[in-house]
Amino acid sequence: MNGSFMQSNVKLVQFAVHGDSRGSLIALECEKEVPFCVRRTYYIYGTQPWTPRGFHAHRNLKQLLIAVSGSVNIHCEFGGVKQEFLLDSPDKGLLIEGLVWREMHDFSEGAVLLVLASEHYSEEDYIRDYEVFKQEDQA
Ligand code: T46
């Protein structure tokens, strides 16, 4: 994995699983497994494998993405580097902070993508124009 992704803006994290004969449980606590205070949660489902989503960056938002069911490929771009992260297990999360272009591709059948976010919804925080993102990414 590229060093710049690991050091700052995008990081793949592994969660501890509490499992026994009844099944598995994962606990996420603010400022522990989730390195910010969660102000918003949303989930994406009913997706199509051939219909990607995202195609934007955020200026300030921090998010933790978890495929709680199925799988999805997250394409990220930051600092001129592109990287793909496969989320295919509920015990894996992708932490995205700062200026990162993100796209969600290849949703599996029945995929559910849970997102924990550091801020309330604000359209002003989005950069939806790739050229604007490139300019700010290179600044
Ligand atoms: C992100 C990726 C991973 C709301 O009203 N509140 C919300 O909290 C969100 C996230 C969305 N919306 C509305 C705005 C749009 O009318 O829901 C609609 C779909 O949102 P959007 O097209 O931005 O969804 P995605 O899947 O392209 O992107 C989302 C998040 O918006 C984004 O922050 O990082 O998931």
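**Exercise 1. Find which residue Ala57 stands opposite in strand 12.**

Step 1: Ala57 faces Ile127 across the pairing with strand 12. Strands here are DSSP runs of E with at least two residues, helices are runs of H or I with at least four, and both are numbered from the N terminus.

Step 2: Now look at the strands themselves. Strand 5 and strand 12 (residues 126–127) are antiparallel partners, with two bridges between them. To count as a pair, two strands need at least two DSSP bridges.

A quick word on the model: it is predicted, so local features need pLDDT of at least 70 and side-chain atom pairs pLDDT 80 or more, while totals for chains, interfaces and linings use all residues. Numbering starts from 1 along each chain as its sequence is written, and side-chain values use heavy atoms, leaving out hydrogens and water.

**Exercise 2. Work out how many bridges join strand 5 to strand 10.**

Step 1: Strand 5 covers residues 53–58 and strand 10 covers residues 101–105.

Step 2: They run antiparallel, joined by three bridges. In that pairing, Gly54 sits opposite Glu103.

**Exercise 3. Explain why the protein is as compact as a globular protein of its length.**

Step 1: Start with the parts list: two helices and 12 strands.

Step 2: The radius of gyration (over C-alpha atoms) is 15 Å, close to the 14 Å from the globule rule (2.2 Å times the number of residues to the power 0.38) for 139 residues, so the protein is as compact as a globular one of that length.

Step 3: Check burial too: 40% of the 139 residues are buried, meaning under 20% relative accessible area with a 1.4 Å probe, protein chains only.

Definitions and conventions. Buried means under 20% relative accessible area, exposed over 50%, partly exposed in between (1.4 Å probe, protein chains only).
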